[in-house]
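Hi everyone, thanks for coming. Today I'd like to talk about the empty spaces inside this protein and what lines them. Let's bring it up.

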Amino acid sequence: MGAPDPPRRFALLLLVGLTALACRRAREPAPPERPLEVAFAGCGEVLAGPICELDAGTTLTLWTPADPEAALTVSLDGRAVDAAWSPVEGGRRARIEVPRPEGVLEVRAGGLGGAARFTLHLQSSTRPPELVEVLRLRTATPTRAQALLDGFDPRGDPRLESEVLTLRAKLAFDRGDFSEMVARRRAAARLAAAVGLLDKPFRDLGPVAYVSMTKDRDATEARAALDAMAALPRTDYGAALLTYYEALWALLTGDPRGAARRYADAERSARRLGLDSILTFSAYQRAALLTSAGLHGAALEVFEGLEPALGTCERAVWHNNRAWAGIMAREVGWNIDFDPRADMAAAIEQRPSDCGSVLVLPNLLTTTALAALQADDLPGAEAAIEAAWRAHAELRPDVVPWLHIAEAGVALARGRAKDALAAYARLDAFSERNGLFSGRWRAAVGRAEVYEASGALAMAESAYAVAEARLDEEGSSALFASRLAPLPYARIRAARRFAALRLAHDARGAIAILERQVARHVRGLARAARVGALAPAEREAWDRAALRYAALRDRLDALEAARWGRATSLVGAAEAERRAAEAEARAAFDDALRALGPEAAVPERLPRVGPGRLRLGYHRLEQGWFGYALWDEGLEVARLEVPTATATPVALSRALLDPFRARIEANRELVVAARDELAQVDFHALPFGAGALVDGHVVTYALGTPAPSTPPATPRGALVVGDPDGSLPWARDEAALVARRLAEVEVPAARLDGHAVTRRALADAAPAWLWHWAGHGRTVERGLDDVGVSILPLTDGARFTVSDVLALPRPPAAAVLAACETAPPNAQDLDMARAFLLAGAGMVVAASRPVADEDAFHLARAMYPVDGPRALPDALRAAQLRLRAEGRDWAAFRALEP
């Protein structure tokens, strides 16, 4: 046989080569499947493996952050299971019906990143039917449930003993025996953990923490339960439960920022896993916090998407809580697209009788009365008030103040001033008897509004003065959640009305009223931020003091509740007991505040203005704006016609600067104290004369921040921070430049750059008169985050917060924050500039909006060298003029003082 011709030879060689390649590929092992991250919920119990115990017909919830493009499949013992995946909280979720409670459940993801797999072993629940029956009988016939449980023999099985202890704890809770409940739950958790159960210890310790916080007010027991939960092997359900109880702890111990953040985290976990009870309770608490902070739009958004998942009781609570948020939103002028009266009617109609104290009828009727009053439905408000008083036996003391407020509102709307004053007198007496500072404030403001409506302006002014004094007596309602606490807008509105009355005959006094309100607001924010910054030992002392205060408040409430059962007022020994409890509660509140350390006092009068300086102030009243020019020898006040926010700089200059032109021209240094919407105006950039105001004046902005009585020392050194997260090349050059320029005036500068910039390193920094920060800055949306409204990002996702600034052991005397949005104007929450001023800095240079990395570098190049805080405003002005000549963004930075 002859040799093949060339084409056939080529074909044979190709066939042999492909065959060999195929053989090699067949011999190569397939790439291993990667682990797939999947969170799951719905098991009766979870064991290591993971192993999921469940009953027949159970629905499991699965969630994975797998690539959105990845194909996801679910199988049970190799057979496909129907699973409809939908996007939820940064991943995809599926709820699957498990046909039998045993086998191997697998979730696979396939895509460009390769195959990935998650395995969950299923096995049948081992709970005896007798214990299932105890659970069924618990609510309707607790005596039968107890008898059945007493007759059950756990046969020495630690797991069954743990189940029996848990059921005994539940029955003890139903009887109100909280000590027994706590002891049995703790023992049940220990047994469950010892036999390898992973979810049950969380289910046992969570109620221990709850009862210790809300019933016994035992800080030591509550913290021990939370710490024990944190030390357990983490499960998806357990992590969500722990986050929820940590949020409650933060709320009850006066840390609203920490509570809001943790509730938001609990909501995210609950949505992923379909844990509707954790979701709804977390959402309601967060909505209440947002409402109390005046963030009404954000509070109402929380309710969106909750309703479809609610059960019967939860739906009635949803209507009640949404109505309350809507009432508060309308109070400040928000337009809402629902009628709170309809929500209250639905809450009353849908509430089952066993839904707990939130839905007792007088509570719902009182909210109904407030909603009707707000809608000018006076007959509806009167009917609801009358019905609430008729339900006297169920009427809770914490609802009574709102009934008095509703009564006063109806009387005033009917033109019955005497009846309105009588209702406020009842509110005042009730609040005084129960130590409710906020109720006494509302009574005083209510009386002032009645006098004002009646034309008795002198009496109205006196009543407003009483209300203001009670604000200082109250301390800080931001620390301890209370539905009665005056909301930010209510305080601001009262201050504006008081100032408008005072302005006619005492302009200095009127301005001081408004400035004190600003300082109180900032001080309250600082107190809340300081709680989150306390060191462990200090936080423990704070938590004990806070829960002691809460326990004493419970005692006062119990005394008042007992009074409802008698026809006459408390007298003799009972009255003495109430007064002793009130005095002890006040002392506990003071102890809690002392744990936060010293703080600045709210100034009683306007600050002095030195020679050559002029203070320009701008405030909104209920009826329009007014401005003032204050100098060392006098004061000038003018009513203003302020144009819209979209007005041109020329129009703003005419409205805001022209009324005081002569005074401005006579002074080189200007201090601008602009509040509300006018805080957003760059006064230094407004046209004035032949150029801008900055051409002939050094402009500083006063933020109204109460300054510490003992500001920090001013050593010679400086701390220069450069590009903490490693993404801003100009910032690194800026830090090096600033350090060199400071050396030129013999100011030694310590350097922290890149990964070396940590919270610990910043806290340990040596004393310095100046901090210069060259790096990123950003704002946190919606406030009530645990860090305030602006942060300074560090390396690896860490961040330096306003709480960290307030906790600095050696704060600087001045700071230059060359970062975006470190002084966002008109912030309702703390920003970085305010935090440094509160910590003791006398001067801060910061940006009111985003700035380019390159522009921040050139600002520093033009500012330095600077050798003292007093020189910063002049140095900033020189830098602004230079940047303007170079065509750069020169107006974003401001010099800021308390």
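**What lines the cavities**

Let me start with the second largest cavity: sorted by class, its lining has eight nonpolar residues, two polar ones and two charged ones. Please keep in mind that this is a predicted model.

So which residues are they? The nonpolar part of the lining includes Val 694, Val 698, Val 699, Tyr 701, Pro 873, Leu 876, Phe 893 and Ala 895. His 684 and Gln 880 line this cavity too, and so do Arg 877 and Arg 894. As for volume, we have about 60 Å³ here.

Where does this lining come from? Strand S18 (698–702), helix H32 (872–885) and strand S27 (893–897) each give at least two residues. Helix H32 has the largest share, with four residues.

Now please turn to the largest cavity, with a volume of about 90 Å³. Around the largest cavity you'll find Trp 441, Tyr 464, Ala 467, Glu 468, Leu 471 and Arg 491, and then Ala 494, Ala 495, Phe 498, Ile 513, Gln 517 and Arg 520. Three helices supply two or more residues each: H19 (457–474), H20 (488–503) and H21 (507–533). By class, this lining has eight nonpolar residues, one polar and three charged.

And how many cavities of 30 Å³ or more are there? The count comes to three. I've walked you through the largest, at about 90 Å³, and the second largest, at about 60 Å³.

Thanks, everyone. Happy to go back to any of these residues on the screen.

Technical notes:
Residues are numbered from 1 along each chain as its sequence is written. This is a predicted model: local features need pLDDT of at least 70, side-chain atom pairs count only at pLDDT 80 or more; totals for chains, interfaces and linings use all residues. Side-chain values use heavy atoms; hydrogens and water are left out. On a 1 Å grid over the protein atoms alone, a cavity is a set of points where a 1.4 Å probe fits but cannot get out, and a pocket is an open set with protein on both sides within 12 Å along at least five of seven lines; lining residues have an atom within 4 Å of a point. Grid points are joined across faces, edges and corners, and a volume is the space filled by probe spheres set on the points. Ala, Val, Leu, Ile, Met, Phe, Trp, Tyr, Cys and Pro count as nonpolar, Asp, Glu, Lys and Arg as charged, and the others, Gly among them, as polar.
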